[in-house]
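Colleague: Could we go through this model together? I would like to start with how its parts meet.

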Amino acid sequence: MMYQGKWIRATHELGDVCPVFQKKWSADQKVVKAELLLTALGIYEAKLNGERVSAYVLAPGWTTYEKRLQYQVYDVTELLQKDNELEVTVAPGWFRSPMPGWEDAPQRIARTEQTSGLFGEIRLIYENGEQVILPTDETWVSAESAFRFSEIYDGETYDATFVSKDWYAVETFDWSTEILIPQEGEEIREKDRVAVKEIITTPKGEVVLDFGQEVTGYVEFTVNAKAGDEIKLLCGEMLDAEGNFYNANYRAAKSEMNYICCDGEQTWHPVHTFFGFRYIKLESFPEAPKPEQFTAIVVYSDMKRTGRIRTSDAKLNQLFSNIIWGQIGNFLDVPTDCPQRDERLGWTGDAQVFVKAASYNYDVEKFFMKWLNDLSADQFENGAVPDVVPDYLNNGNTSAAWRDAAVICPWQIYLTYGNKEILENQFESMKRWIGYITETTKDAYLWTGARHYGDWCALDAKVGGVHGASREDFVASAYYAYSTSLLVKVGKIIGEDVTYYEELYPKIVAKFRETFTSYETQTEHILALHFNLTADSAQTAANFVQKLKADGNKLQTGFVGTPYILHVLSQHGYTDVAYDLLLREAYPSWLFSVNQGATTIWEHWDGVMEDGSFWAVEMNSFNHYAYGAVGDWLYEEAAGIKPVETAPGFAKIVIEPKPDKRIEWLEATLDTRNGQVRSYWKFEGGKVKYEIDTPVAATIVIGGASHEVLAGNYIFWG
Ligand code: BGC
């Protein structure tokens, strides 16, 4: 595309202050349509004649900026006046903040040294059909804005007494316009508002707001103050064992909202950054706070909600709510590991394990299409997929299960929504990933000799460690087999020649069986079963149940084993054991965190123990969605709603509910691309009543008996 706009930047020294760019113009004819195309190296906020041009926040979003930078186009016709003033503030955002948080990462400094810039075009169509473009160029001016500081991890500082008055000419500079792409993902929006539940005075005397829910976004406050009064808000997820404010687990992320008041009543919230929090410490506030002065604004990608689960069990309902909040708290343009500490990165492994549940809870097709385009764009020459996408680590690591996101995520998005486009988009990237393993493994047909995260955070890790006991070569080789099997399916679906991979796959399976003749950990059993690698699945499943018993009927799994643990049990006739684990309340379990008051999913099973002690200061997030993968088991097994591989997008459905007496009733609804499916069961008078609504032909399996039905509403007793 040809643009008239040029990249512009401020010419005066700004230090930490965010520049504001300005363009004024007067209309001498009637404008019938006005559009604004904008993007920035940083996060921008645009106001035309004092009004925000859109509800889109944190624009232009986060992509692999070196190769792909989204621009947005807004219809601003309604905001036009005779004399117009467009002002655009540009903050560092993801582009220039020192990310990742660890001190010794050279790229974090390099990132802050990049230039901030703005690019855009105001496109006016006059009544007579004439088109005029006012591009960003030397005619724009810039000044210091009231945003004195802004950054992703540390927060924002706004001086409401500051007025931008010294305007300077801008300069144009060279930066690629080839990288510009139209908005590809969902818009980022302020989606929800949460009121303060309680204002607490802690034993240390700190004044802390409790929103009663961990959220991602920022705090809006209204205050009556004098010019120069200072407000400082700090974020936390937890109170410590004594009930004091705690945020050591944010590590280097200061997460501050700072505001210098003007005179009178005023309302403010940060604009170019976000935080993960439940508690807000009022480090300084000019008056005695009242709950109604504060609101948490919840910010995430504008995805449509599609899945719901309700049950008679309040704790399960809370777990499901935690899964949902974990998702929206981390689906802010990129699927992140967590929203609070000095990471907030697009960790591939986390996204991979959660993609199925995510795709049922919300419509995430567009969200993943964009992110996977970034994944392919960031893939290394040799086919290796980075740890995080966009690649802010650039550490050359490769880890099984993490990088397999390249194959597993597009496959799941296809299954859930039935659109081949994502497979076509990602096919080359998938091949390159499998190619990377094939080229670099020490032993052919396995994946050996590399370093991996393994069954991350599993409980069979050494005390205090994070690498679970499952053998890394085992996990890596299992994923090599699984991803290769998916690549073969994908190739066939989109009509590509995959003969090479069809021949490769059985060789990997054979070598795997020959090499790994026994399974040592829970996760090794789970992977062997779930990826069809065991020659005798009935025996392996029985051994696994034995192993679980020997382990005290407790899960020991981490990021790799947990997503599949309940699936392999219910798929091999052990649904009761799956429910044992699901409904277990003692540590370790999903409901343990619920009993501990969790409102999102924790990174560690033992994030905080009964005595209030924390797992650790380092790496202890209370909003990490990975273990929320259990949500997909609730849809697929408890409620029994499953897609059919040959009719993706729920064009056909298998509905096989698996009730358990310990829950009186359960209901799941799923808005598929083919209409809404509902599965409900209830124990009534010693029997189970099933209500099933299907929008398409379905196979309904009740108590082992199959019924082929057309679209409609059905009741069964079993
Ligand atoms: C992240 C994880 C991620 C892991 C990789 C952590 O620091 O928060 O969620 O997957 O590193 O091992």
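Colleague: How many salt bridges are there across the interface of domain 2 and domain 3?

Modeller: The rule finds three salt bridges across that interface. Please bear in mind that this is a predicted model. In one salt bridge, the side chains of Glu-343 and Arg-251 meet at 2.9 Å, N to O.

Colleague: And how many residue pairs are in polar contact between domain 2 and domain 3?

Modeller: The count is 16 residue pairs, both residues at pLDDT 80 or more.

Colleague: Which strands supply the side of domain 2 that touches domain 3?

Modeller: Strands S18 (207–225), S20 (238–239), S24 (275–284) and S25 (294–301) each supply at least two residues. S18 gives the most, with five residues.

Colleague: How do the residues of that side divide into nonpolar, polar and charged?

Modeller: On the side of domain 2 that touches domain 3, 15 residues are nonpolar, seven are polar and five are charged.

Colleague: Now to areas. What do domain 2 and domain 3 bury between them?

Modeller: They bury about 2300 Å², with 58% of it on carbon and sulfur atoms. Met-238, Arg-251 and Tyr-300 supply 26% of the area that domain 2 buries against domain 3, more than any other three residues. Arg-251 is also the partner of Glu-343 in the salt bridge.

Colleague: Where do these domains lie in the chain?

Modeller: The domain assignment places domain 2 at 189–301 and domain 3 at 307–638. It also gives domain 1 (8–185) and domain 4 (653–717).

Colleague: What separates the centres of domain 2 and domain 3?

Modeller: The separation is 34 Å, taken over C-alpha atoms. At their interface, 27 residues of domain 2 are in contact with 30 residues of domain 3.

Definitions and conventions. Residues are numbered from 1 along each chain as its sequence is written. This is a predicted model: local features need pLDDT of at least 70, side-chain atom pairs count only at pLDDT 80 or more; totals for chains, interfaces and linings use all residues. Side-chain values use heavy atoms; hydrogens and water are left out. Domain bounds come from an automatic or database domain assignment. Contact means heavy atoms within 4.5 Å. Buried area is the accessible area (1.4 Å probe) that two parts lose on being put together, summed over both. A salt bridge is a side-chain nitrogen of Lys or Arg within 4 Å of a carboxyl oxygen of Asp or Glu. A polar contact is a pair of N or O atoms within 3.5 Å; within protein, one must be able to donate a hydrogen and the other to accept it, and residues adjacent in sequence count only if both atoms are side-chain atoms. Helices (H or I, at least four residues) and strands (E, at least two) are DSSP runs, numbered from the N terminus. Ala, Val, Leu, Ile, Met, Phe, Trp, Tyr, Cys and Pro count as nonpolar, Asp, Glu, Lys and Arg as charged, and the others, Gly among them, as polar.
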